[in-house]
Amino acid sequence: MRLSVNNLACERGERRIFEGVSFTLQAGEALVITGRNGAGKSSLLDILAGRLHPADGMILFSDAGERTLAECLHYVGHRDGLKAALTAGENLTFARDFLGNPDLSPREALEAVGLAHAARLPVAYLSAGQRRRVALARLLVAKRPLWLLDEPTSALDTASQETLRLLLESHRENGGMIAATTHSPLFLTDAKEIRIERSLSPAALAGEGA
Ligand SMILES: Nc1ncnc2c1ncn2[C@@H]1O[C@H](COP(=O)(O)OP(=O)(O)OP(=O)(O)O)[C@@H](O)[C@H]1O
């Protein structure tokens with residue numbers, strides 16, 4: 001499985017946000033996306049997730065059999081995307097049924113993020129960090145090889161950041177791929193890194209050519 005991004009450009013509100021972004025990602029690899037506020041990190045993930053059209057460039061996804069890129073990815077954005085009135089367990093059950101290709105049970109996934117005790121609590125009662133952990137537990141209830149994570153450590157305490165790091169490394173060990181934006185180090189082994197710069201010139205951004 002291989003994701004190859006070539007010379008990608010992004011426009012929002014008719015403004016060019018970035019251009020010249022290229023990288024490749026293969027089974028077991030992680031890409032860390034850094035850059036200043038407003039540089040376009042979330043926009044890059046939005047493009048990869050199919051939520052935003054690129055202004056230019058190409059995304060090639062290969063060696064995934066019959067599956068499309070959309071069928072192979074998990075996206076966890078800034079917003080947790082949880083239903084506040086449902087319990088943590090119900091949110092995960094919904095995600096598992098909706099996404100298909102089930103992996104861990106909701107209870108096991110909550111255990112993996114240290115939230116087994118919250119399974120029956122409405123998400124509305126959870127703290128910001130706990131909600132974030134439920135959102136991340138969605139990664140575990142349905143098997144999908146490419147994880148697109150927008151600032152996954154936001155609201156997480158140090159212990160939860162370490163739990164997340166271990167989950168990410170375990171996903172890679174099983175052949176998964178990760179692209180994550182971040183403002184703080186994720187401490188992933190041998191991760192690739194690109195820094196997105198707001199760009200008005202055609203300067204190629206740092207990264208590995210496809
Ligand atoms: N829907 C939109 N319409 C117009 N402009 C937008 C829209 N969404 C984002 N932008 C602009 O696109 C630029 C890039 O935003 P983006 O959220 O991708 O940046 P970011 O690097 O993720 O920032 P941060 O580190 O603050 O999360 C910003 O200038 C933002 O204002």
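A residue counts as near a molecule if its C-beta atom, placed from the backbone, lies within 6 Å of it. With that in mind, welcome to this predicted model: helix α1, residues 41-48, gives the most to the shell around the ligand, with three residues. The domain assignment of the protein chain gives domain 1 (1-64 + 147-210) and domain 2 (83-144). Below is a tour of the ligand site, the two domains, two helices and a few loop residues.

**Around the ligand**

- The ligand is surrounded by R12, G13, I17, G35, N37, G38, A39, G40, K41, S42 and S43.
- Sorted by class, this shell holds two nonpolar, seven polar and two charged residues.
- Helix α1 (residues 41-48) is the top contributor here, with three residues.

**Two domains and where they touch**

- Domain 1 is made of two stretches of the chain, 1-64 and 147-210, while domain 2 covers 83-144.
- Taken over C-alpha atoms, the centres of domain 1 and domain 2 are separated by 24 Å.
- Ten residues of domain 1 are in contact with nine residues of domain 2.
- On the side of domain 1 that touches domain 2, α6 gives the most, with four residues.
- That side of domain 1 has six nonpolar, three polar and one charged residues.

**Helix α6**

- Helix α6 runs over residues 158-173, which makes 16 residues.
- From its first C-alpha to its last, α6 reaches 23 Å, close to the 22 Å expected at 1.5 Å a residue.
- Which residues of α6 are buried? They are L164, L168, H171 and R172.
- These buried residues lie on the same side of α6, because they cover an arc of only 100° around the axis.
- As background, an α-helix has 3.6 residues a turn, so residues three or four places apart point the same way.
- The face of α6 turned away from the buried side carries the exposed residues T158, A159, E162, L166, S170 and E173.
- What do the buried residues of α6 pack against? Their partners are β3 (30-34), α5 (128-141), β6 (146-150) and β7 (177-181).
- Just after α6 comes G175, with a positive phi of about 90°.

**Helix α3**

- Helix α3, residues 88-99, has twelve residues.
- Its reach from first C-alpha to last is 16 Å, close to the 16 Å expected at 1.5 Å a residue.
- A88, G89, N91, L92, A95 and R96 are the buried residues of α3.
- They sit on the same side of α3, because the arc they cover around the axis is only 160°.
- D97 and F98, on the other side of α3, are exposed.
- The buried residues of α3 pack against α4 (106-112) and α5.
- Just after α3, G100 takes a positive phi of about 75°.

**Positive phi between β7 and β8**

- Most residues other than glycine have a negative phi.
- F187 is not a glycine, yet its phi is positive, near 55°.
- The loop between β7 and β8 (192-195) is where F187 is found.
- Is F187 buried or partly exposed? A residue is partly exposed when its count of other C-beta atoms within 10 Å falls between the limits of 12 or fewer for exposed and 20 or more for buried; F187 has 13, so it is partly exposed.
- D190 also lies in the loop between β7 and β8, and has a positive phi of about 50° although it is not a glycine.
- D190 counts as exposed because it has 8 C-beta neighbours inside 10 Å.

**Two more loop residues**

- T153 lies in the loop between β6 and α6.
- With 22 other C-beta atoms within 10 Å, T153 is buried.
- T153 and T182 are 29 residues apart in sequence, and their C-alpha atoms are 7.7 Å apart in space.
- Leaving aside neighbours within four places in sequence, T153 is in contact with Q161, L164, T182, S184 and L186.
- L104 has its place in the loop between α3 and α4.
- With 18 other C-beta atoms within 10 Å, L104 is partly exposed.
- L104 and L139 are 35 residues apart along the chain, and 9.4 Å separates their C-alpha atoms.
- Not counting residues up to four places away in sequence, L104 touches A109, A112, L140 and V141.

Conventions
Residues are numbered from 1 along each chain as its sequence is written. This is a predicted model: local features need pLDDT of at least 70, side-chain atom pairs count only at pLDDT 80 or more; totals for chains, interfaces and linings use all residues. Ala, Val, Leu, Ile, Met, Phe, Trp, Tyr, Cys and Pro count as nonpolar, Asp, Glu, Lys and Arg as charged, and the others, Gly among them, as polar. The expected span of a helix is 1.5 Å times one less than its number of residues. The arc is that of the directions from the helix axis to the C-beta atoms. Two residues are in contact if their C-beta atoms, placed from the backbone, lie within 7 Å. Domain bounds come from an automatic or database domain assignment.
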